[in-house]
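Me: I should like to learn how to read a metal site and a nonpolar core in a protein model. May we go through one example together?

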Amino acid sequence: MANEPIYLLAIESSCDDTAAAVLQNGKVLSNVVANQKIHSEFGGVIPELASRAHQQNIVPVVEMAIRKANIDKKQLNAIAFTQGPGLMGSLLVGSSFSKSLAYALNIPLIAVNHMHAHILAHFIDEDGYDKPNFPFLAMTISGGHTQIVKVNDFFNMEIIGETTDDAVGEAFDKSAKILGLPYPGGPLIDKFAKEGNPKAYKFTKPKVQGLNFSFSGLKTAILYFVQKNVAENPNFIEENLADICASIQHTIVEILMDKLKLAVTETGIKQVAIGGGVSANSGIRETLKSAEKKHGWQTFIPKFEYTTDNAAMIGIVGYHKFLSGKFENHAVTAKARIEF
Ligand code: KG4
Ligand code: ZN
């Protein structure tokens, strides 16, 4: 019995992606994500529409994950779900579904903190991918969070820096909106930035004490910059889109790297990981990688499918909680805000 594999179903529904994955121990057998296109026309996630879309998607997404993993649901040993943080209506769909299925299958239920999952995604078994050793630094950069975390162990983490206002993903998305690009604008800024000159325009970096971040001033600076230039030339955005995107991305990457360097200096820890949707950004990926040679860091950059919201990352936390016997009873509830 001791060497029998553990099969785990993981469900993520904290924001606007409905996701399910099946893991066999630390290995991902299937990882299915249904994106909700509905939000792009509104320029941001509409919570009520998100929860309705989760309700429509959750059954087919879970079925597909189980089918792709080529197992029968009776083989499942546990179900892990995102407890929070996130949008309440969205979280409720995933948590209620997980509770019902775990009850029906008579298997344990595991609650996962979404932010821990973005960090621990680095522990998914992948050929040729080295895992960090404890302690390491993790910068979580997403649409809802911007944190630098000292990760002492799977379940012992300390936030040593975080944003005082907007998250970095919001900085990307709001800048994109100013440029007339649809939501989520982060990937589009990244795409246009590839053709542009990162030094074409200069935006002032915020001055924030210690390891904390601020992005709201940058957004305002970009808004004024665009308004001023469009007043002089109505085609300013179209004519300079690549340079504007490259300059915005360059500034954001510098802000992130400045704080990471400070965190390494302050903690003496040179193993640095990134996680969350913005870790898909080519600028931060390249700059972080180059810090290996430049600063002697060891860096951990997730595979693309584990950057933006996904259930495989929920599954890997679930697996480690399973091994430690950290289960919930059916009274467990979703939490929009959750203790780190
Ligand atoms: O982790 P995530 O999928 O959801 C949250 O938990 O927030 O992150 C979504 C965020 C969005 O703000 C999106 O614009 C950003 O990640 N993002 C990117 C890129 N891909 C996703 N930002 C910059 N460059 C990208 N390539
Ligand atoms: Zn996320």
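**The zinc site and the core**

Reply: Let us begin with the record for this predicted model. An unreviewed UniProt entry lists H114, H118 and D309 under "binding site". These residues span 196 residues in sequence, yet no two of their C-alpha atoms are more than 8.8 Å apart, so they gather at one spot. The lining of the largest pocket includes H114, H118 and D309.

Me: Which atoms are the protein donors of the zinc ion (ligand 2)?

Reply: The donors are NE2 of H114, NE2 of H118 and OD of D309, at 2.0 to 2.1 Å from the ion. Their spacing in sequence is H-x3-H-x190-D. Distant parts of the chain are linked here: H118 belongs to helix α3 (residues 114-120), while D309, 191 residues away, lies in the loop between β10 (298-300) and α9 (312-323).

Me: Is H114 buried or exposed?

Reply: Residues count as buried under 20% relative accessible area. H114 has 5%, so it is buried. H118, with 1%, is buried as well. The side chain of H114 also makes a polar contact with that of S14, at 3.3 Å.

Me: How many residues does the largest nonpolar core have?

Reply: In soluble globular proteins, nonpolar side chains tend to be buried together. Here the largest core has 45 residues, and M139, L179, F215, I252 and L256 have the most contacts inside it. Helix α7 supplies the largest share, 15 residues. Beyond its neighbours up to four places away in sequence, L256 touches M139, I141, T146, V168, F213, F215 and I284. A second, separate core has 34 residues, including A21, A78, I119 and A121.

Terms used
Residues numbered from 1 in each chain as written. Chains lettered and ligands numbered in written order. Predicted model: local features only at pLDDT ≥ 70, side-chain atom pairs only at ≥ 80, totals over all residues. Heavy atoms only, no water. Core = buried A, V, L, I, M, F, W, Y, C linked by side-chain atoms within 4.5 Å. Buried < 20%, exposed > 50% of the residue type's maximum accessible area, 1.4 Å probe, protein only. Helix = DSSP H or I, 4+ residues; strand = E, 2+ residues; numbered from the N terminus. Contact = heavy atoms within 4.5 Å. Donors = N, O, S within 2.8 Å, 3.2 Å for Na, K, Ca; no water. UniProt positions renumbered as here; feature names shortened; annotations may be inferred. 1 Å grid on protein atoms, 1.4 Å probe; cavity = no way out; pocket = protein on both sides within 12 Å on 5 of 7 lines; lining within 4 Å. Polar contact = N/O pair within 3.5 Å; in protein donor to acceptor, adjacent residues only side chain to side chain.
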